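Biologist: I'd like to learn how to read a salt bridge in a model. Can we go through one together?

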Amino acid sequence: MSSSHQDHAYPEPAAHPNWSSRHHTPRPLTPAQQKQNRDALLRAQHTPRPRHTHNNTTKAVR
């Protein structure tokens, strides 16, 4: 069964121009940005994550 725009309450918005432009290549990261990303990655990998937070409403069943 094919769907048409009449199946929805609102029409789908037009795609943002940045989504459809394929001719732009992303800018390479500067060495400072690369170092910042590496440092953040290392911190995230070596920082222990909390076992639970006060927002956690589900309880583990043992």
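Biologist: Which side chains meet in a salt bridge here?

Modeller: The term covers a side-chain nitrogen of Lys or Arg within 4 Å of a carboxyl oxygen of Asp or Glu. In this predicted model, lysine 35 pairs with aspartate 39, at 2.9 Å from N to O. Searching the whole structure turns up one salt bridge.

Biologist: Where do lysine 35 and aspartate 39 sit in the helix?

Modeller: Helices are DSSP runs of H or I with at least four residues, and strands are runs of E with at least two, numbered from the N terminus. Lysine 35 and aspartate 39 are four residues apart in helix α2 (residues 31-46), so about one helical turn separates them. The protein has two helices and zero strands.

Biologist: Is lysine 35 buried or exposed?

Modeller: Buried means under 20% relative accessible area, exposed over 50%, partly exposed in between (1.4 Å probe, protein chains only). Lysine 35 is partly exposed at 46%, and aspartate 39 is partly exposed at 30%. Of the protein's 62 residues, 0% count as buried.

Biologist: Any ground rules?

Modeller: Residues count from 1 along each chain as its sequence is written, and side-chain values use heavy atoms, leaving out hydrogens and water. Local features need pLDDT of at least 70, side-chain atom pairs count only at pLDDT 80 or more, and totals for chains, interfaces and linings use all residues.
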